[in-house]
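Student: I would like to go through this model with you, one question at a time. Could we settle the terms as we need them?

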Amino acid sequence: MTAQSTQGFAPLQGYTVLDLSQGVAGPYCAELLGHQGAKVIKVEPPEGDWARHVGVAQQGQSTLSTTYNAGKQSLAIDARHPRGKALVLELARQADIVVQNFRPQAIARLGLDFASLSALGLQPVYVSISGYGASGPFADHPATDSVMQADSGLMATNRDAGHTPQRVGFLLADIATGVYAAQACTAALLQKARSGRGVHVEINLFNVCCALQSSVFSEQMLSGQPPRPAVSAPNGVFQAADGFLTILALNNDQFSRICLALDAPHWEADPRFASNELRLQHKEALHAELAALVRPRAMAELEATLQRHNALHARIRTAPDVVAHPQALHLGTFQPLEQPGFGPVYLATHPWQCHAGPAAPAPAIGEHSRDILGALGLDATDIDALVAERIVATPSKGTPA
């Protein structure tokens, strides 16, 4: 029996996701499920998801909203209003999966928490994303990506050359939580298929950030020492005549390859560099010598000789460099997406290409409000009345859609 190709494979086709979340973690979870074939209805307030207005933004879209809401349908509705709440609840009745990142008290007031839906006889796979979990002394603490990077130890792990803690330069806590949540959601779908009962997936940013650093914590708790900036030597960033590159060795064989590539056989004979542990003890001296050899040489020459000897290395690339990377071009890693009113956006394709077809743009605020409500049985007059009362929003004239 031959394995099935993933080309055109959409394992979640036929499933509907009700995405009540805002920001990055929840929307990314739902977007990943959409990539696997699910229909995703994004419910956002009439003013839109707050992530639409963060970072590089224009005309109701931002790089964040475009990246993490591609291909979704948008219903802009005030879920705090009784009529809005009733309509969202009706969508929940039809959904297979619900994703939300409200605080526990807020989602309970809306009657859209897992317990309330279960009491109505609904059996969704229900994903709750929070900062610190639903209970405990920090349950009500506000948690942004930066707060979480500090509070979970990520910043302490990521220190600069002067040992000052640094924030990882992108939304690592949020993005990783979205990935963990999507994986847990598909596992819960398998559980529901076996049991027939709904499953409540509870995931929080704090635990995700700790999981990412599990080996770091183990090492520090056992050694009682602060995190080492590297586990081997040489291992660092070095400046060449026309750029920067990283060079490293994890064992003696790899160190020998660097010695050959840089024509430095005396390093192998130096007792200070006889093992990785010794090289770590004399890292400053080794790095100083390596830097002196690298600094006057051109990047192309260095890359050629290091590659010829299979020495571990890579040039430090900027975003445009990575988009133009030969391997990225070969793999189709980036896909230009024409986002209406926003211009072309280069999206990194999903690592697992299971769903054929080009990426669809992210919706405008309320772009599909009329279609979604019409599918619930409301006629044009009903929808117009909801829009007039500002319970529902639809794109204004001139808004790209």
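Tutor: Two strands are taken to pair if DSSP finds at least two bridges between them. Please keep in mind throughout that this is a predicted model.

Student: How many bridges join β7 to strand β8 (residues 199-204)?
Tutor: The two strands run parallel, and one place where they meet is tyrosine 126, which stands opposite histidine 200 in β8. Since at least two bridges are needed for a pair, the count satisfies the criterion: β7 and β8 are joined by six bridges.

Student: Which strand is joined to β7 by four bridges?
Tutor: This pairing is parallel, and within it valine 99 stands opposite valine 127 in β7. The partner spans residues 97-100 and is strand β6.

Student: Is strand β7 (residues 125-130) mostly covered or mostly open, and how many of its residues are buried?
Tutor: Buried here means under 20% relative accessible area. By that cut-off strand β7 is mostly covered, and of its six residues the number buried is five.

Student: Which strands stand at the edges of the open sheet of seven strands?
Tutor: The order of the sheet is β8-β7-β6-β1-β2-β5-β14, with mixed pairing. An edge strand has a single partner strand, so one side of it is left without a neighbour in the sheet, and the two strands in that position are β8 and β14 (392-393).

Student: In which direction, parallel or antiparallel, do strand β5 (residues 73-77) and β14 run?
Tutor: Two bridges join β5 to β14, and alanine 76 stands opposite alanine 393 in β14. The direction of this pair is antiparallel.

Student: Which element gives the largest share of the lining of the largest pocket?
Tutor: The largest pocket has a volume of about 1200 Å³ and is lined by 42 residues, of which Glu31, Thr67, Leu347, Ala348 and His350 lie nearest its centre. Two or more lining residues come from each of α1 (25-35), α2 (63-68), α8 (172-195), β12 (334-339) and β13 (343-348). With six residues, the largest share is that of α1.

Student: How many residues of that lining are charged?
Tutor: For this division Asp, Glu, Lys and Arg count as charged. The lining contains 24 nonpolar and 16 polar residues, and the number of charged ones is two.

Student: Why is cysteine 185 not bonded to the closest cysteine sulfur, and how far away is that sulfur?
Tutor: A disulfide is a covalent bond between the sulfur atoms of two cysteines. The structure holds zero disulfides, and the cut-off for one is a pair of sulfur atoms within 2.5 Å. Cysteine 185 is buried, with a relative accessible area of 0%, but the sulfur closest to its own, in cysteine 29, is too far for a bond, at 5.5 Å.

Student: Which peptide bond is cis, with omega near -5 degrees?
Tutor: Most residues other than glycine have a negative phi, and most peptide bonds are trans. The cis bond leads into proline 234, whose place is in the loop between α10 (214-223) and β9 (235-240). The bond in question runs from alanine 233 to proline 234.

Student: What is the phi of aspartate 263, and is this residue buried or exposed?
Tutor: Aspartate 263 is found in the loop between α11 (252-261) and α12 (266-269). Its phi is positive, about 55 degrees, although it is not a glycine. Its relative accessibility is 64%, and because exposed means over 50%, aspartate 263 counts as exposed.

Student: Is alanine 264 buried or exposed?
Tutor: Alanine 264 is also in the loop between α11 and α12. Leaving aside neighbours within four places in sequence, alanine 264 is in contact with Cys259 and Leu293. At 0% relative accessibility, alanine 264 counts as buried.

Student: Which residue with a positive phi follows α15?
Tutor: In helix α15 (residues 299-308) the residues Met299, Leu302, Glu303, Thr305 and Leu306 are buried. The buried residues of α15 pack against several elements, among them β9, α11 and α14 (283-294). After the helix comes a residue with phi near 55 degrees, namely asparagine 310.

Methods. Residues numbered from 1 in each chain as written. Predicted model: local features only at pLDDT ≥ 70, side-chain atom pairs only at ≥ 80, totals over all residues. Heavy atoms only, no water. 1 Å grid on protein atoms, 1.4 Å probe; cavity = no way out; pocket = protein on both sides within 12 Å on 5 of 7 lines; lining within 4 Å. Points joined across faces, edges and corners; volume = space filled by probe spheres on them. Buried < 20%, exposed > 50% of the residue type's maximum accessible area, 1.4 Å probe, protein only. Contact = heavy atoms within 4.5 Å.
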